Amino acid sequence: QFCTYCIIPYARGRVRSREKENILNEVHKLAKAGYKEVVLTGIHLSSYGVDFPEDKKETLLSLIQAVNEVEGIQRIRLGSLEPGIVTEEFAKELSCLPKICPHFHLSLQSGCDATLKRMNRRYDAAEYREKCELLRKYFENPALTTDVIVGFPQESEEEFEASRDFVDSINFYETHIFKYSKRQGTKAAKMDGQIPEHEKTRRSNIMLELNRKKMQRYEEGWLGKKVEVLFEEMTERDGKNYVTGHTKEYLRIGVPCEPEQADRWINQLKEIELTSLSQIMH
């Protein structure tokens, strides 16, 4: 998409999609090997299939629908999506697929329209909000996560506050905060108004504190409810052993477990009642 801060189009070139049959063959192999969850990911996942000839047209949605039919796979998780892919049809069709994980990472980068324009992002804050509302219309309490850049060239205090207020209003589960970093060869690296490092750090800390509060608020919303967890591995915390895994919404859940009992849990889907935030591990 040639965002002004990003070197990827110059370093890796245009979109190159894997053939659908190639992907499905890999998913079938993973299912036969006992894997229960797959993650569809890529540099620009939303553009899947745009480079195919007309007689082989596929979209991300048609690929997800095909993966949903693979026996043995019980969960499909998506990598980072561009907001533009979230249409009424896309959200509605996804909600009809029982294996889809209601965990959507929608790239934001800034909640301020002026900053988004300098970044060459192809949406504004109002459009982004509509996409979040669509996902919440078709999924009950989905986990919405995002990325935000602070200290982009020429980002004024007012623009930063607008971005912070927007992130606050969306109520993300998790926001990944990045301090703007120059990439030689990009338009943003040549822009006037580069922000001092200490100011980027200050803004990052403000956003990180907001993220901490939002994460806690989302997690508290699950207390008293039963969640399905796919357990993955043993871990140790404060001298105690736990088996940990993720819900469909990507909450990492820990259950006390001794290593000799791990086989009863790992790679199993189990329903767990959340009674304390201490069961959620970060």
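**Exercise 1. The open sheet**

In what order do the three strands of the open sheet stand, and is the pairing parallel or antiparallel?

*Solution.* The model examined here is a predicted one.

Step 1. The order of the strands in this open sheet is β3-β4-β5, and they pair in the parallel sense.

Step 2. At the edges stand β3 (103–105) and β5 (174–179), each with a single partner strand, so one side of each has no neighbour in the sheet.

Step 3. From one strand to the next, the twist averages 15°.

Step 4. The pairing of β4 with β5 is parallel and runs over six bridges. To take a residue pair, D147 has H176 in β5 as its bridge partner.

Step 5. In general, the strands of a sheet pair through backbone hydrogen bonds, in either a parallel or an antiparallel arrangement.

**Exercise 2. Helix α2 and its two sides**

Determine which residues of α2 are buried, which are exposed on the other side, and what covers the buried residues.

*Solution.*

Step 1. Helix α2 spans residues 20–32, which is 13 residues. From the first C-alpha to the last, α2 reaches 18 Å, close to the 18 Å expected at 1.5 Å a residue.

Step 2. Residues count as buried under 20% relative accessible area. In α2 the buried residues are K20, I23, L24, V27 and A31.

Step 3. Viewed down the axis of α2, these buried residues fall within an arc of 95°, so they line one face of the helix.

Step 4. E21, K29 and K32 are exposed on the other side of α2.

Step 5. The cover over the buried residues of α2 includes β1 (37–40) and α3 (60–68).

Step 6. Just after α2 comes G34, with a positive phi of about 100°.

**Exercise 3. Two residues with positive phi**

Where do N141 and D238 lie, and is each of them buried, partly exposed or exposed?

*Solution.*

Step 1. Most residues other than glycine have a negative phi.

Step 2. N141 is not a glycine, yet its phi is positive, at about 50°. This residue sits in the loop between α6 (125–138) and β4 (143–150). With a relative accessible area of 30%, N141 is partly exposed.

Step 3. D238, likewise not a glycine, has a positive phi of about 55°. Its place is the loop between β6 (226–237) and β7 (240–247). D238 has 75% relative accessibility and therefore counts as exposed, the cut-off for that class being over 50%.

**Exercise 4. Two buried residues of helix α8**

Which residues do N211 and K200 touch, leaving aside those up to four places away in sequence?

*Solution.*

Step 1. Helix α8 (residues 197–220) contains N211, and K200 is found in α8 as well.

Step 2. N211 has a relative accessible area of 11% and is therefore buried. Beyond its sequence neighbours, N211 touches Y173, E174 and T175.

Step 3. K200 is also buried, with a relative accessible area of 8%. Its contacts outside the sequence neighbourhood are V150, G151, K179, Y180 and I195.

**Exercise 5. A separation along the chain and in space**

How many residues apart along the chain are S278 and K200, and what separates their C-alpha atoms?

*Solution.*

Step 1. S278 belongs to the segment after β9 (269–273). At 47% relative accessibility, S278 is partly exposed.

Step 2. S278 and K200 are 78 residues apart along the chain, and 32 Å separates their C-alpha atoms.

Key:
Residues are numbered from 1 along each chain as its sequence is written. This is a predicted model: local features need pLDDT of at least 70, side-chain atom pairs count only at pLDDT 80 or more; totals for chains, interfaces and linings use all residues. Side-chain values use heavy atoms; hydrogens and water are left out. Helices (H or I, at least four residues) and strands (E, at least two) are DSSP runs, numbered from the N terminus. Buried means under 20% relative accessible area, exposed over 50%, partly exposed in between (1.4 Å probe, protein chains only). The expected span of a helix is 1.5 Å times one less than its number of residues. The arc is that of the directions from the helix axis to the C-beta atoms. Contact means heavy atoms within 4.5 Å. Two strands pair if DSSP finds at least two bridges between them. Axes are lines fitted to C-alpha atoms, for helices over the stretch in contact, and angles run from 0 to 180 degrees between N-to-C directions.
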